[in-house]
Amino acid sequence: MTMSEGFAIDATPASTAGSEPVALLGMSKAALEAYFQSLGEKPFRAVQVMKWLHHRDADTFETMTDLSQKLRAHLEAEATLAMPDVVQDHQSRDGTRKWLFALADGQRIETVFIPEKDRGTLCISSQVGCALDCSFCATGKQGFNRNLTAAEIVSQVRLARRALKDTDFGRPKAITNVVLMGMGEPLLNFEPVLEAISVLLDDLGYGISKRRLTLSTAGVVPAIRALAGRTDVALAISLHAPTDALRDQLVPINRRYPIAELLDACQAYLEKLGEWRSITVEYTLLAGVNDRPEDAEALIACLAPLRERVKLNLIPFNPFPGSGYARPAPAEVRRFQETMMAAHYGTMVRTTRGDDIDAACGQLAGAFDDRTKRRSRYIARLRDHGEIVHGQTGR
Ligand code: SAH
């Protein structure tokens with residue numbers, strides 16, 4: 001979906017469409033129960049199959065010995081457990097891991113694991129590319145190609161867990177947190193993302209706590225409102241600017257859903273979350289663009305209606321070739337943080353992880369064909385500026 005088509009909820013989960021094989025990995029417990037009932041089976045088959053898939057990591061129907069031979073044969077013919085292929089597996093000096101996955105149609109996506117002392121965060125993608133074209137994001141420069149299916153979203157967690165099994169992070173709970181902060185705008189792939197979230201939260205799936213599963217959005221306002229009726233996972237919004245004039249430039253979807261409407265929708269979501277939970281406001285610091293003292297003052301005013309209920313997450317810009325932006329000096333970042341803290345905003349600076357393997361925020365850009373042709377325009381621009389010579393951006 002592109003921005004101009006607006007926001008629409010697609011009610012048919014991609015995993016059960018027509019003659020396509022039934023992609024069990026992306027199906028919630030409710031969807032599996034409905035499926036087994038449609039086969040004349042008892043709904044508890046859903047519990048058995050989810051345990052095989054997500055707890056025991058089964059790769060074939062043959063191993064699912066508590067299902068009848070007949071049912072196994074039926075699943076063999078009609079369903080699939082297919083997952084993306086691992087094309088690359090990079091390990092950063094700081095322990096961050098980045099996988100490049102190839103989907104069945106050859107499209108590529110990236111997934112990043114970030115180990116910390118007390119938790120392990122997996123950053124997953126929701127689309128191939130992105131339609132929103134935020135001015136400072138490498139994924140946006142590639143344009144949009146397609147939505148991921150729920151099975152492709154869940155598979156990223158399954159494959160990462162499998163890869164981490166033989167490492168220091170091989171404890172059963174290596175992945176404690178999941179963030180939808182990889183490639184794509186999750187709220188423009190609404191139903192598949194919600195179906196995948198259901199599998200990730202379910203104890204029969206990955207058992208991730210709703211407070212540790214974060215959906216990050218550039219601000220698709222009607223979808224935030226719809227989300228409140230469907231789930232209560234943690235929400236992060238990509239604000240990046242305290243005024244509409246600046247945000248229109250940095251996050252173009254703001255022209256459609258300006259800041260006041262976005263904050264209103266956040267208020268509605270907060271009501272869903274209840275009194276003790278908050279929303280994360282992401283703010284990428286771009287040197288000389290949105291990091292000046294007057295920007296911090298404007299941000300204090302902008303967020304005032306939500307002050308008690310937001311946590312501010314400052315992200316020093318992660319550079320990529322031809323972006324036209326620079327990362328502020330550490331002293332500037334500190335000053336911005338101190339100004340916000342003095343105004344009683346809980347403010348964290350997101351440390352850059354995995355930048356030696358281009359795994360940091362906004363650097364995910366697994367090579368792929370761009371149907372919107374934005375990538376070729378971008379490469380042409382780089383060439384004009386002499387930043388590349390062979391049509392490669394170096395990633
Ligand atoms: N589309 C969603 C998910 C992306 S999340 C969203 O916009 O929220 C990734 C976060 O990193 C977003 O806040 C995004 O704006 C930010 N980001 C993108 N490119 C960046 C870069 N080069 N440096 C730092 N942060 C960046």
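Two residues are in contact if their C-beta atoms, placed from the backbone, lie within 7 Å. With that in mind, and remembering that this is a predicted model, begin with the whole protein in view: among its contacts with a separation of 6 or more, 68% are accounted for by residues 24 or more positions apart. Colouring by secondary structure should bring out 12 helices and 14 strands, and of the 395 residues in the protein, 44% are buried.

Next, turn to the interior, where the largest nonpolar core has 101 residues, and select Leu32, Val154, Val157 and Leu200, which have the most contacts inside this core. Then add helix α6, residues 190-201, which gives the core its largest share, 8 residues. If you now colour domain 1 (22-80) and domain 2 (85-384) separately, you can follow how both give residues to this core, which therefore lies between them.

Stay with Val157 for a moment and, leaving aside its neighbours within four places in sequence, show the residues in contact with it, namely Leu122, Ile124, Ile175, Val178, Leu200 and Tyr206.

For the last stop, select helix α10 (residues 293-303) together with helix α11 (residues 330-342), whose axes come within 10 Å and cross at roughly 30°. Because angles under 35 degrees count as roughly parallel, α10 is roughly parallel to α11, and the crossing of the two helices is right-handed. To see where they meet, show the side chains of Pro293, Ala296, Leu299 and Ile300 on α10, and those of Phe336, Thr339 and Met340 on α11, since these residues make the contact.

Note on methods
Residues are numbered from 1 along each chain as its sequence is written. This is a predicted model: local features need pLDDT of at least 70, side-chain atom pairs count only at pLDDT 80 or more; totals for chains, interfaces and linings use all residues. A nonpolar core is a set of buried Ala, Val, Leu, Ile, Met, Phe, Trp, Tyr and Cys residues joined through C-beta atoms within 7 Å. A residue is buried if 20 or more other C-beta atoms lie within 10 Å of its own, exposed if 12 or fewer, and partly exposed in between; C-beta atoms are placed from the backbone. Helices (H or I, at least four residues) and strands (E, at least two) are DSSP runs, numbered from the N terminus. Domain bounds come from an automatic or database domain assignment. Axes are lines fitted to C-alpha atoms, for helices over the stretch in contact, and angles run from 0 to 180 degrees between N-to-C directions. Angles under 35 degrees count as roughly parallel, over 145 as roughly antiparallel, 65 to 115 as roughly perpendicular and the rest as oblique. A crossing is left-handed if the near helix is turned anticlockwise from the far one by less than a right angle, and right-handed if clockwise.
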